[in-house]
Amino acid sequence: MASLRAPWWDGVNWVLNALGFLGALLLQALLATILILRRRPGTAAFCILAGFVGLLVTQLAKALIDRSRPAEAVVLSDSGSYPSGHVSATTVLLVVLALLIGRLWAWIISLLGILSMMLSRTYLAAHWLMDVVGAACFSIGVVLLLWIAFQRACVQENVDAERILTWRARAARRRRAEGRAESAPQ
């Protein structure tokens, strides 16, 4: 990866470095807050728990395995190379989003985001290839196991929200129709 270094790629990877761990966790918290405000507590709980368990599994694995980082690292990172915290946090966020959106385009964008973070962490020599692959596998596994437990609640909240939107749309059409009927000349 060192032979691929160029100023433009350095800039892109510095941005990914800044957004990867803390940025992904903050976006996960923002998503959970929006879900709570939208009255989707089960989906918000899934989002929060996925972020927390993903972070916990990653930090436990780092402590247990205690693998050293590459010597030529371009960025400063915490202790333990395996698994990558940046890739774990990004993977959890993007897989949660893809599951909640439930569309092919969301899965494609999530896959591209995960691969970008994996490449970034190896480009910056912060991790070995197996560190980023392991982080993605851990995180995908955690999110999918939690999805098994929360899927029914998340789907039901979507159905309920769609019913509420349909009801509001019908009510708005009735109000408009009644308003036109009252204002029509007789």
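**Exercises with worked solutions**

Arg-176 sits in helix α5, which covers residues 129–183. Helices here are DSSP runs of H or I with at least four residues, strands are runs of E with at least two, and both are numbered from the N terminus. The model is a predicted one, in which local features need pLDDT of at least 70 and side-chain atom pairs count only at pLDDT 80 or more, while totals for chains, interfaces and linings use all residues. Residues are numbered from 1 along each chain as its sequence is written, and side-chain values use heavy atoms, leaving out hydrogens and water.

**Exercise 1. Describe the overall make-up of the protein.**

Step 1: Count the elements. There are five helices and zero strands.

Step 2: Write them in sequence order. The pattern reads α-α-α-α-α.

Step 3: Ask how much is covered. Among the 186 residues of the protein, 38% count as buried. Buried means under 20% relative accessible area, exposed means over 50%, and partly exposed is in between (1.4 Å probe, protein chains only).

Step 4: Turn to contacts, meaning heavy atoms within 4.5 Å. Of the protein's contacts with a separation of 6 or more, 73% join residues 24 or more positions apart.

**Exercise 2. Compare the accessibility of Arg-176 and Arg-39, and find what stands out in the backbone of Arg-39.**

Step 1: Go back to Arg-176. Its relative accessibility is 46%, so Arg-176 counts as partly exposed.

Step 2: Find Arg-39. This residue belongs to the loop between α1 (7–37) and α2.

Step 3: Apply the cut-offs again. Arg-39 reaches 70% relative accessibility, so Arg-39 counts as exposed.

Step 4: Look at the backbone angle. Most residues other than glycine have a negative phi. Arg-39, which is not a glycine, has a positive phi, near 60°.

**Exercise 3. Examine three residues of helix α3: Gly-85, Val-87 and Thr-90. Are they buried or exposed, and what do they touch?**

Step 1: Place them. Helix α3 takes in residues 85–101 and holds Thr-90; Gly-85 and Val-87 are also found there.

Step 2: Check Gly-85. Its relative accessibility is 8%, so Gly-85 is buried. Beyond its neighbours up to four places away in sequence, Gly-85 touches Phe-21, Thr-58 and Lys-62. The C-alpha atoms of Gly-85 and Phe-21 are 6.3 Å apart, although 64 residues separate them along the chain.

Step 3: Check Val-87. With a relative accessible area of 0%, Val-87 is buried. Leaving out residues up to four places away, its partners are Met-117, Met-118, Arg-121, Val-132, Ala-135 and Ala-136. From Val-87 to Ser-116, 29 residues along the chain, the C-alpha separation is 9.3 Å.

Step 4: Check Thr-90. A relative accessible area of 9% means that Thr-90 is buried. Gly-20, Ala-24, Gly-113 and Met-117 are what Thr-90 touches, again without counting residues up to four places away. Met-117 thus appears in the lists of both Val-87 and Thr-90.

**Exercise 4. Now try Gly-54 and Lys-62. Where do they lie, and which distant residues are compared with them in space?**

Step 1: Name the helix. Phe-52 shows its extent: that residue is in helix α2, residues 41–65. Gly-54 lies in α2, and so does Lys-62.

Step 2: Work through Gly-54. With a relative accessible area of 4%, Gly-54 is buried. Setting aside neighbours within four places in sequence, Gly-54 is in contact with Val-92 and Val-142. Ile-140 is 86 residues away from Gly-54 in sequence, and their C-alpha atoms are 8.9 Å apart.

Step 3: Work through Lys-62. This lysine is buried too, because its relative accessible area is 5%. Between Lys-62 and Tyr-82, 20 residues apart in sequence, the C-alpha distance is 5.5 Å.

**Exercise 5. Use Ser-139 to link helix α5 to another stretch of the chain.**

Step 1: Locate it. Ser-139 is found in helix α5.

Step 2: Judge the exposure. Only 1% is given as its relative accessible area, so Ser-139 is buried.

Step 3: List its partners. Not counting residues up to four places away in sequence, Ser-139 touches Ser-88, Thr-91 and Val-92.

Step 4: Tie this to the earlier work. Val-92 is also one of the contacts of Gly-54, and helix α3 spans residues 85–101.
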